Each structure stands twice: as C-alpha cells, then as structure tokens.
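Hi everyone, thanks for making time. I'd like to walk you through one structure today, so have a look at it while I talk.

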Amino acid sequence: MTTAEAYARFANREVRGVSPAYERLSQAVSRDREVLALLDRLPPAKRQPNLLFGVVRWLGGPVEDPAAFHDYTVANWPVIEAQMRVRATQTNEAGRCAVLLPVLAALPQPLALLEVGASAGLCLYPDRYAYRYGDHQVGSGEPVLECAASGLALPTRVPQVVWRAGLDLNPLDVTNPADMSWLDALIWPEHEHRRARLRAAAAVAAADPPLLVRGDLVDDLPALAARAPADATLVVFHTSVLYQVPVPRREAFVRLVRELSGHWVSIEAPEVLPYDGLPTPPGEGLHNVLALDGTPLAWTRGHGQAMTWFG
Ligand SMILES: C[S@@+](CC[C@H](N)C(=O)[O-])C[C@H]1O[C@@H](n2cnc3c(N)ncnc32)[C@H](O)[C@@H]1O
C-alpha cells in the first residue's frame, strides 16, 4: 500500500464519522505530494497517520485546518521527523475494558491479568472502572465506560483481579508528565470525553501502579507469565497491538500464547489476526474481533464504544 493509500484508508475506515478533523487531514495528506514525499523518507512503520497527527498535536501545531496543517508540517519537518522516528503510537484506551469485561467476568475468578502491549497499563484495571451498557450498569467509580452492546448477556459483576502485569517495548508511566502529554496528544482532536477518561484512568493506575515490564511480547512473555500467582486464572490479553508486530512475530506470539496455561483474550483487526467464517461486520468503519482462546466472539469498535456479539 502506498503512503497516499494508507492515508485515504485511514480517512475512510478509521476516522470517518469518528473524528471529522482527522478525516479532513488524512484525505488532504493522501493528495498532498509534498507531505507524502516527506513521509516517504521515513521507514514504512513510521509513516502512519496517527503518528504524524499525534506528533503535530504534541508540538502544538494545527490539526483542524488542512491548509494550516500542510504549511506547519512542511515548515517544521525536521523536528516532526525527529519526533516520528523516536516515538510510537501508544494510545492507551481504558474504554476497551468495556468490551473485555463480558469475557473477563465469565472466566473462573480470581484473575491474574497479563497484558502484552500494555502502553501505560490502563486496560489492566477492568475491576476498578464502572460500565454503562445502555441502561445496564456494572461496577462503580470513575471513569464510567459507555458501550453500546448487543447480542450478549451483559455482565453483572466486575472481575476479581489479584495480579496485574503489563509487557511493552516502551512502557509509559502515568505519573510522568512527559508520558501523559504524549498519551493526550494521541487522542483525536474532538474526543474530549476520551481525554477526561485518560485522566480518570490514570488516577486509578497512579493510586495502585501495575507491574510494567519493558520487553517483547514473544521473547519476554514466558518469564513474566511465570510470575503470576498459581492460584488465579492467568489471562494473557492484548488490544490493538499486533498491527505493530511483523507477521512472523505475530505467528510466533500466537504459537507461544496457545502453549501457556490459562486463557488468551485478543481484540485485533481481522486482517491482523484472521479467522475463518466471520460474519459481516454490523456497519462501516474498522471493526475489531474479540476472541477467547482463538475463538472469535464479537465485533468491537476501536475505542470500546460498541460491541456486537456473534449470533
Ligand atoms: C496502540 S498501543 C495499544 C495499548 C493498549 N493495548 C490499549 O489498547 O490501550 C500498542 C502498544 O503495543 C506496544 N508494542 C508494540 N509491539 C510490541 C512488542 N513486540 N512487544 C511488546 N509491546 C509491543 C507498543 O509499544 C504500544 O504501547
């Protein structure tokens, strides 16, 4: 896929109807030869829309108006390029716990949670957040995670979590203002509710920090899994991570996680973690697949705002 195609696809598939500002920007970049030529100097994995837009936001540049964005990007390319080379998209979305909850609450309790690609670890607190599925509420506290869910028996309790650990190539620390400013910059411009959710979830994590280990999801998973308490159900999970992992390493990870005792919960795009015989997604735009132990269960939206259980 060319860089132009990647930006057009991001506009049509990921941000249409979800972030009008980024839809405008990504459509404009897909036709902007000057900016595309600059992006093509970067390694392919560093050309992503989320990374470019996140860096420009983090630098304080304009992301609402495509013409202003173009001028700023061209004028400031050396600093933008330098930041894109050292940063990665590490969006940490606590809202994804709303689509994890039905699976986690149904497993034998208590749970030992091990998240690979954990970023700052905000998805490691499904027991501390509150949930609203339409009129159905579960749990208490902040943040309250709203999810439009259909086709499933909704959970009636939060899980009991006795151990929580995360593995990431570059763990972020919610008590570090520099890390928080990057997490904030990665949130799409109009999404003030997600900014408030980031702050509320960060307060939960700061009050009881998770064990976050710097490492690779293949090479370092067995050693971290071995630290989980034996009298809890080990759950290895990941959400929106494997698209950042080269295909042979994804395959190695799947082989490894299947060999571990306990359960494996994944939320990934279907082209990243494919399954046979998936039903048609319930609408346009990117839908991820929630799966338990390799069995697909539901379509989920990117930030946990909706889920449709398979019939
Ligand atoms: C898009 S973020 C998602 C974070 C979190 N799972 C969530 O849903 O909020 C992907 C994370 O995966 C991490 N990552 C990418 N490749 C990895 C690898 N090989 N091993 C461990 N972590 C990895 C990145 O550093 C990043 O923090």
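Let's start with the ligand: how many residues surround it, and which are the closest? There are 21 around the ligand, and the closest are Gln90, Glu93, Arg96, Asp168 and Thr239. Before I go on, please keep in mind that this is a predicted model.

What sort of residues make up that shell? We have six nonpolar, ten polar and five charged ones.

Now for some individual contacts. On the ligand's oxygen side, one oxygen atom has a backbone N or O atom of Thr91 at 3.3 Å. Then there's nitrogen: an N or O atom in the side chain of Asp216 is 2.9 Å from a ligand nitrogen atom. Leu217 also comes in, with a polar backbone atom 3.0 Å from a nitrogen atom of the ligand. And how much of the ligand does the protein bury? On its own the ligand would expose 600 Å², and the protein buries 96% of that.

Okay, on to the aromatic rings. When we talk about a pair of rings, we describe it by how far apart the centres are and by the angle of the planes. With centres within 6.5 Å as the cut-off, the count here is eight aromatic pairs. Take Tyr7 and Phe53: they're edge-to-face, 6.0 Å centre to centre, with 75° between the planes. Where do these two sit in the chain? Tyr7 is in helix α1, residues 3-15, and Phe53 is in helix α4, residues 49-58, so this pair links distant parts of the chain, 46 residues apart. Are they buried or exposed? Tyr7 and Phe53 are both buried.

Phe53 has another partner, Tyr22. Why do we call that pair tilted? Because the planes of Tyr22 and Phe53 are at 45°, with the ring centres 4.7 Å apart, and tilted covers what falls between 30 and 60 degrees. Tyr22 belongs to helix α2, residues 20-30, and Phe53 to helix α4, so the pair ties together parts 31 residues apart in sequence. Tyr22 is buried too, just like Phe53.

Zoom out a bit, and ring pairs join Tyr7, Phe10, Tyr22, Phe53, Phe69 and Trp188 into a cluster.

Last topic, charges over rings. Arg194 lies over the face of Trp188, at 5.8 Å from the ring centre. Over at Trp58, the charged end of Arg87 sits over the ring, 4.0 Å from its centre.

That's my tour. Happy to rotate the model for anyone who wants another look.

Terms used: Residues numbered from 1 in each chain as written. Predicted model: local features only at pLDDT ≥ 70, side-chain atom pairs only at ≥ 80, totals over all residues. Heavy atoms only, no water. Helix = DSSP H or I, 4+ residues; strand = E, 2+ residues; numbered from the N terminus. Buried < 20%, exposed > 50% of the residue type's maximum accessible area, 1.4 Å probe, protein only. Lys NZ or Arg CZ within 6 Å of the ring centre and 35° of its normal. Near = heavy atom within 4 Å. Polar contact = N/O pair within 3.5 Å; in protein donor to acceptor, adjacent residues only side chain to side chain. Areas by Shrake-Rupley, 256 points an atom, 1.4 Å probe, with all protein chains shown as cover. Nonpolar A, V, L, I, M, F, W, Y, C, P; charged D, E, K, R; others polar.
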